[in-house]
Every structure is written in structure tokens, then in C-alpha cells.
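Biologist: Please take one strand and look at it closely. Then work outward to what surrounds it.

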Amino acid sequence: MGLDLSPFAELVGPADQGPIWLAGQQSRLTAPSLVRQVTAPSGIFDLQPDEMTVVCGAGTSIAELQDSLTAVGQYVNLSRSNSGSGTVGGALATGRSDIYRLGRGAIRDTLLQARYVNQDGQVVSAGGPTVKNVSGFDLCRLLVGSLGQLGFLGEVILRTRPIPQCSRWFMINEARPETVEAILRRVYRPASVLWDGRKVWFCIEGNSHDCDQTIQQLATDLDRPTEVSGPPNLDNFPFRQSMPPAQLVEFVLSHINQKTDQILVEAGVGIVHRQSPAEPRVADPTVELLHQRLLRQFNPTGRLNPGISLASGSTV
Amino acid sequence: MKSDVYAQPLNQKLVSRLRQVLEPRRVHTDAADIDLYKRDASNIEGRAGVVCFPTTTSEVQDIIRICAEFAQPFVARGSGTGLAGGATPLDGAVVISTAKMNRLISVDPINRTAWIEPGMLNLDLTREVAHFGLHFAPDPSSQQSCTIGGNVANNSGGPHCLADGVTSSHILACEVVLSDGSLVLLGGEEPEPIGLDLRGAFIGSEGMFGITTKICVRLMQNYSAVKTMLMDFTSVQAGAETVSAIIAAGMVPAALEMMDQLCLEAVEAYIHAGLPTDAAAALLVEVSGLPNAVNEETERISDIGRAHGARTIRVAQDEAERALLWKGRKTAFGAIARIKPNYYLHDTVVPRRKLNEVLQEVYRIASRHDLLVLNVFHAGDGNLHPLLVFDKREPGVMERVLAAGEEIIRVSVAAGGVLSGEHGIGLEKRDFMPLMFGPHDLEAQSAMRVAFDPLGIANPFKVLPSPSSCGDAHNIGEDMWV
């Protein structure tokens with residue numbers, strides 16, 4: 001057993017206590033007015049470098065968690081919100097991976113075990129404490145990205161990873177689609193490849209000598225990459241769009257010919273960072289039916305984080 | 001070993017309907033034919049009523065619609081290599097074999113994805129994409145014969161999942177036929193499909209949420225350098241502590257496997273690889289990636305091994321030696337047949353720092369039950385695979401094997417571990433689920449099942465213990481061989 005979550009569960013209360021909102025740092029979603037708010041427990045309860053796991057409250061700030069992990073040479077694959085840090089629970093509830101997804105994987109694989117409070121105010125455990133586990137159905141995957149509508153995360157066990165020896169960003173001007181393709185093909189497991197239709201930025205992580213050799217080899221065929229301090233500023237791109245990565249080239253070329261606003265795409269992944277919102281998407285009817293069935297099972301009264309659209313991730 | 005408790009007369013109307021939507025030769029009812037499908041690679045036997053061999057998604061939909069019409073349970077089956085009874089049909093269920101749906105549909109070598117049919121064999125996929133410099137990372141020991149559809153159902157792992165993650169991390173989308181015959185795409189090639197991660201929920205659901213008919217996999221770039229080393233120790237404790245020390249030093253090798261002395265002896269007698277048979281334990285460590293990183297990590301891991309008392313550190317000098325070392329690991333089960341004709345393979349996970357403590361308890365359990373136990377397992381992620389070897393002709397031995405197995409499970413969970421790391425729950429561990437999960441936890445898992453399969457006909461009676469599985473309440477017959 002981990003942290004005593006009964007005080008948190010009592011705050012949430014049983015189903016007849018009406019709508020309730022789990023508030024973090026409100027850096028990703030804003031609480032609606034007139035809905036009672038609770039906050040999840042915070043704090044790092046167990047950090048085991050030799051297990052590559054950390055146990056913490058969902059209300060813990062990501063900045064605090066990363067600082068503690070940095071001290072033992074590790075990090076956790078959780079994205080900070082655009083406006084700053086955000087909480088662990090907020091990052092998991094929104095489920096959006098950061099620009100390093102190409103190399104580091106999706107945020108959803110970070111969550112090993114979750115103890116959450118359900119709509120009846122009961123503490124429920126999902127997943128397991130070890131890095132490998134197929135005991136029962138994978139409820140943790142459903143919780144990541146559920147916007148708190150299946151339950152309020154209280155305590156989580158996260159998988160950590162070693163901080164790479166080096167993490168270096170490079171940029172090539174006048175990058176055509178062939179340049180981006182060459183990077184994806186020839187760089188060994190790049191951490192990130194970002195392209196705005198004109199320039200490409202890419203991140204290589206690992207052994208510093210290997211990084212040097214990779215750049216030397218690339219420079220024989222491409223314009224010599226310039227080392228830069230980091231990726232372009234994503235604050236300029238408050239909106240995002242998701243599409244199959246195979247469609248990115250056509251999309252980017254079409255966009256820069258027709259539109260005036262800028263975009264930045266995650267090559268090999270399929271995320272488009274935009275200055276303006278994309279057209280809303282419509283879920284497949286059977287996917288929508290499964291959503292409704294799951295919500296009926298987990299949040300039949302709709303009291304948990306009311307008013308959020310799972311389809312758009314925004315309050316409605 | 002018998003499943004008479006489940007015997008029900010075959011519904012001839014159902015068979016007749018199935019033969020209307022499938023060529024009759026692909027609907028098997030002959031007793032000798034369907035007897036082959038009464039179990040998977042576990043020892044848990046059930047009984048198949050009909051075995052169907054669809055070749056297309058629409059045929060799978062037709063079969064499942066007929067099953068829904070007759071309220072007839074169905075079970076998806078790949079190669080039947082599962083070890084927990086997940087594909088064991090009960091009650092004369094309709095078995096839907098994906099064996100004839102085994103095509104590679106398309107590959108995108110730049111974005112490293114491929115669409116495949118579920119019956120494609122794991123190793124075949126890696127062979128098919130090898131010329132692009134790509135591979136499919138999950139590599140269960142059965143990878144020559146297990147299907148990707150089965151890997152999805154079990155969220156399978158393998159020795160090389162330590163660094164790159166298990167199946168769920170490598171599946172982008174599943175086209176799924178639900179229990180009413182409707183078709184849905186869960187996940188997608190796009191990174192953020194709308195709403196909940198239904199893909200992630202489906203993976204590892206052991207056929208209880210529907211049947212996948214197309215799968216989009218993520219492929220990994222092949223490494224340019226690899227080093228494989230074998231280090232041996234005079235105690236299991238020293239080997240286990242080396243595992244923890246490697247991880248604590250910030251390294252995640254591609255593979256980190258352990259074999260104990262009895263296993264080393266059996267394997268060496270089988271393949272003559274020069275294994276250290278007088279060692280208490282040996283670690284097989286593989287590092288892959290770019291050359292400088294591989295060389296540096298090999299040195300650091302060797303230093304850690306020496307600091308923990310490794311007697312010898314053998315680094316494979318060429319591909320032939322590397323293949324020989326891996327042959328030792330991957331043929332361990334074959335080698336064990338030389339000791340006793342039968343084995344019962346367990347699969348639990350414990351925290352790495354508890355490896356030695358739990359292994360010592362496993363030895364004590366085996367000794368108490370007068371059984372031989374060998375250990376060959378994925379030490380890097382704490383995934384134990386104690387092998388209880390026996391001769392089932394010996395009177396009373398099965399009772400001792402089952403009792404020892406249960407104690408191993410209980411000890412693993414009590415040490416902060418979990419019931420299964422890669423084999424799944426199936427029938428084998430269904431009734432142990434309450435060791436890990438309380439009533440509210442199991443209700444939540446049951447709620448997932450109800451949402452995906454409100455009819456309760458997709459591989460019922462598996463994973464969830466009776467009180468949590470609504471109308472699925474069922475017990476394994478006392479005479480079934482678990």
C-alpha cells in the first residue's frame with residue numbers, strides 16, 4: 001500500500017455530492033465556475049533509481065519531480081505545459097506528448113500504476129508497480145488522456161529513464177522534404193525532428209562522440225547542420241493538430257503556399273504545431289459509442305470534471 | 001485434463017450458418033481436427049465446438065455476427081503459443097483462427113510503420129522489413145511461431161523489450177471486430193487520435209474486447225553496433241545485485257538475462273557453448289546502438305560486473321559467438337527436456353532489488369515440494385520465469401507442482417511484484433487476481449470489459465475472477481490440468 005488516499009477520496013465524496021473538478025495548476029485546463037474543486041495529493045514518496053520508478057502524488061509539480069530525478073541522473077517522460085510546469089496529474093490527464101516523442105516515446109507509456117478516486121469516492125488501483133506487467137486489463141492506458149473523466153488520479157508510479165549523456169539540437173536552413181527524409185532515414189533514433197517547411201531542427205541524444213560522427217556523416221550529403229541552443233520557441237504555436245506522419249509533407253507544402261500563418265511539424269510523428277486552430281475533428285461513430293459506454297461505466301453521473309469534451313480536450 | 005464439464009451439444013444451425021458465410025472447408029467440426037484447438041501452449045484444456053479459418057475482415061465480421069445471434073462465445077487464436085490458457089476454448093466455443101490472415105499489407109520505411117494482418121508471425125515481420133534496416137522490437141521466445149495478433153492480445157514482451165518496451169509501445173492502431181460484428185479502428189497512424197486511448201486498452205485484453213483484423217505496427221531502426229557478453233558469478237545474489245547496479249548506473253541494456261546453475265548445466269549439455277556450468281548464475285547482457293555508446297557501456301557494465309565479483313566476462317567476438325550465446329538462452333526450454341519430460345513455466349515480476357530474495361524463496365519452495373526448479377529469465381525488468389520440471393507419470397507430482405506454483409505467485413506479489421510480466425492471466429491466474437487487486441479494482445476492469453463487449457461472448461471466463469465477471473461466472477474444473 002502506498003499513500004493513504006482516503007482524505008482525498010473523502011473530499012471527492014460519493015456520487016450524490018454533485019459535480020466536482022480536479023484542479024492542478026490550471027496550466028492546461030481551466031476549471032469551470034460554480035463547480036466544487038479538489039486538488040490531488042502532492043509529494044515524492046518513493047524514488048528508486050535502481051528500479052527506474054518513482055512514486056508521487058498526482059498533484060506534484062513536474063518541475064519538482066524533474067529536479068529530484070535530475071539529482072539521480074534520471075528524468076520522467078512527461079511534458080511540461082506551454083505556460084510552465086503543470087502537475088504530473090495534469091500531464092497524464094491530458095496525455096499529450098512533447099516534441100521528443102519521436103525518440104523518447106509517448107507519454108502514455110510512462111504510467112505504470114495509478115491509484116485514483118472513482119465517481120463514487122472509492123479508491124481504485126490500476127496497473128502495477130513494476131516496469132513490466134500484464135496482470136489484467138490495461139486501465140492505465142485509458143486513464144492517460146481521459147481528462148479526469150474516468151477518475152481523479154491521486155498517486156502514480158511512473159517509469160523513469162536515464163538522462164542521456166548529451167542532447168544536442170541542430171538546424172539546417174532551406175530544408176526541403178528530401179532533407180527531412182534524409183534525417184529520418186539516416187540519423188539513428190533522433191529524439192526530435194521539427195520542420196516548418198523551410199528550416200529543419202533535429203535533436204540527437206546519446207554518446208557525444210556518436211553525435212559528432214552522426215553530424216559529420218550527414219554533412220557529406222546535406223548542408224552542414226548548425227548546432228543551436230534548442231528547438232524553436234513553441235510559445236508561438238499555441239494550437240496543435242494530429243495527422244498521419246506520411247501526410248505531413250503534402251500538408252506542409254500546401255500550407256506554406258496557401259496560408260500566411262506559420263506551422264511547425266513533428267516529422268516522423270505527425271503533430272502539427274499551429275498559430276491558429278485546426279478544423280475540429282469528428283470521431284468515428286463506433287469510437288464515439290465506445291467512449292459513451294466507458295463514460296457510462298466510469299462516470300455515469302458525469303460529475304467528474306464536467307463539461308469537458310473528450311474529442312477536443314477543451315471545456316465546452 | 002478433461003473438459004466434460006463444458007460439454008454441450010454442437011449447435012448444427014450455427015454450423016450451418018457459418019458454412020453459408022465461409023467456404024465449408026474452412027469451418028471445421030471434425031472431432032480429430034478440432035481436438036487440436038482444445039488448448040494453447042499451456043496445459044489447460046477446454047473444448048472447441050467449431051474452428052473457423054477466415055481470410056478477410058468481413059468474414060470475421062460475419063462469423064462474429066452469427067456468434068452474437070446465437071449468443072455463442074468465440075475465441076480468437078493465433079498460433080496457440082500462449083502459456084496461460086488465454087486461447088483455450090471453453091464450453092464448445094467457436095474458435096476463430098487468424099492463421100490464414102497473415103499478410104504484410106504495407107510498409108512506410110521513412111515513418112517506420114507497417115500494416116499487417118494479425119496472423120503474421122512475429123519473426124516473419126522482422127524478416128520482411130529487414131532490407132529497410134528495420135525490425136519489430138517485441139521478441140518473445142516463441143517469435144518464430146507466435147503471431148503479432150497474439151502479441152497484441154497478450155501485450156507480449158521478450159528479451160529485447162527491456163530498452164524498447166513491450167508490444168503496447170509498438171502498436172499504433174488495431175482494426176477490431178467487436179462482439180456485435182461492428183468494425184472499429186482503435187488508435188491510428190496519427191499520434192493523437194480523438195478521445196481515450198482505446199488502442200491501449202485493447203492491447204493485452206486477451207481476446208475479451210474483440211478480435212483484431214489489421215494492425216499498424218511501429219518499426220525500430222536496426223542498430224549499427226552490438227556487443228553481447230556473458231558474465232558469471234559464484235552466487236545468485238551477486239548476479240542479482242549486478243543487475244540493479246547496471247540500471248542504477250543509468251544504463252538500460254538492450255537485454256539483461258539471467259540463468260542459474262541448473263539451467264546452465266542443462267543448456268551446456270545441449271548446445272556445448274562453453275557455458276560456465278560451475279557458476280551459481282550467469283548474466284547475458286546485450287548492448288546495442290551506435291559504436292561509441294556500445295563500447296563505452298560494455299566497459300562500464302564489465303566494470304560493474306567485476307566490482308560485484310564476476311569470475312569471467314566473455315564478450316562475444318563475432319556474430320557466430322553472439323548467436324551461440326543467444327542460442328543458449330533461447331533453447332533453454334528444449335534443453336530442459338533432457339532433465340525431465342514435463343515442465344511448468346511460471347511468469348511473475350518482482351522489483352529488481354528483490355530478485356535475490358525471491359529467487360532464494362523459489363528455491364526453498366521447490367525443495368519443500370521435492371521438485372527441481374531452473375531459472376532462466378528477464379532479470380533486467382525483474383521478470384522471473386521459474387521452471388518447475390517433473391515427470392507427470394509420477395504419482396502425486398501434479399499436486400506438488402500446482403502447490404509450488406501457487407506459492408511462487410504469492411511470494412512474488414508479496415514482494416511488491418505482479419502476477420504476470422508477459423504471459424497474461426488467461427485461465428491460469430484468473431483466480432489469483434485478488435492477490436493484486438481489490439474488489440473496486442476488479443470492478444473497474446470488469447467495467448472495461450462490459451464497455452467493449454456488452455454481450456459477454458468474446459473469450460469469456462478469462463482474466464477476471466468469478467465475482468468480477470458478471471455473467472461470466474465459471475470455475476476451472478477440478479480435473480483440469482492447470
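Modeller: Strand β2 of chain B covers residues 48-52, and 5 of its 5 residues are buried, so the rest of the structure largely encloses it. Keep in mind that this is a predicted model.

Start with the partners of β2(B). Strand β1 of chain B, residues 27-28, pairs with β2(B) in the antiparallel sense over 2 bridges. Here B:H28 stands opposite B:V51 of β2(B). Strand β4 of chain B, residues 93-97, also pairs with β2(B). That pairing is parallel and runs over 4 bridges. B:C52 has B:I96 of β4(B) as its bridge partner. Strands of a sheet pair through backbone hydrogen bonds, in either a parallel or an antiparallel sense.

Now put these strands together. They belong to an open sheet of 4 strands in chain B, ordered β1-β2-β4-β3, with mixed pairing. The edges are β1 and β3 (74-77) of chain B; each has a single partner strand, so one side of each is left without a neighbour in the sheet.

Next comes a helix. α3(B) lies across β2, β3 and β4 of chain B. The helix runs at about 175° to β4(B).

Follow that helix to a second sheet. This one is open too, with 5 strands of chain B in the order β5-β6-β10-β8-β9 and antiparallel pairing. β5 (104-108) and β9 (183-187) of chain B take the edges, and each has a single partner strand, so one side of each lacks a neighbour in the sheet. From one strand to the next, the twist averages 15°. Helix α3 of chain B, residues 57-69, packs on this sheet and touches β8, β9 and β10 of chain B. The direction of α3(B) makes about 50° with that of β8(B).

Look inside this second sheet. Strand β8 of chain B, residues 171-177, and strand β10 of chain B, residues 211-218, pair in the antiparallel sense over 6 bridges. B:E175 stands opposite B:K214 in β10(B). In a regular strand, side chains alternate between the two faces of the sheet.

Step back to the whole of chain B. The domain assignment gives domain 1 (4-97), domain 2 (104-221), domain 3 (225-334), domain 4 (340-414) and domain 5 (430-472). The C-alpha centres of domain 3 and domain 5 of chain B are 40 Å apart.

Chain B also meets chain A. In that contact, 64 residues of chain A face 71 residues of chain B. On the chain A side, β7 (123-127), α5 (139-143), α6 (177-186), α7 (208-219) and α9 (285-298) each supply at least two residues. The largest share of that side comes from α9(A), with 8 residues. By class, the chain A side has 27 nonpolar, 21 polar and 16 charged residues.

Finish with chain A itself. Its assignment has domain 1 (6-163) and domain 2 (166-274). The centres of these two domains of chain A, taken over C-alpha atoms, are separated by 30 Å. Their contact takes 7 residues from domain 1 of chain A and 15 residues from domain 2 of chain A. The domain 1 side of that contact in chain A has 3 nonpolar, 2 polar and 2 charged residues.

Definitions and conventions:
Residues are numbered from 1 along each chain as its sequence is written. Chains are lettered from A and ligands numbered from 1 in the order in which they are written. This is a predicted model: local features need pLDDT of at least 70, side-chain atom pairs count only at pLDDT 80 or more; totals for chains, interfaces and linings use all residues. Two residues are in contact if their C-beta atoms, placed from the backbone, lie within 7 Å. Ala, Val, Leu, Ile, Met, Phe, Trp, Tyr, Cys and Pro count as nonpolar, Asp, Glu, Lys and Arg as charged, and the others, Gly among them, as polar. Domain bounds come from an automatic or database domain assignment. A residue is buried if 20 or more other C-beta atoms lie within 10 Å of its own, exposed if 12 or fewer, and partly exposed in between; C-beta atoms are placed from the backbone. Two strands pair if DSSP finds at least two bridges between them. Axes are lines fitted to C-alpha atoms, for helices over the stretch in contact, and angles run from 0 to 180 degrees between N-to-C directions.
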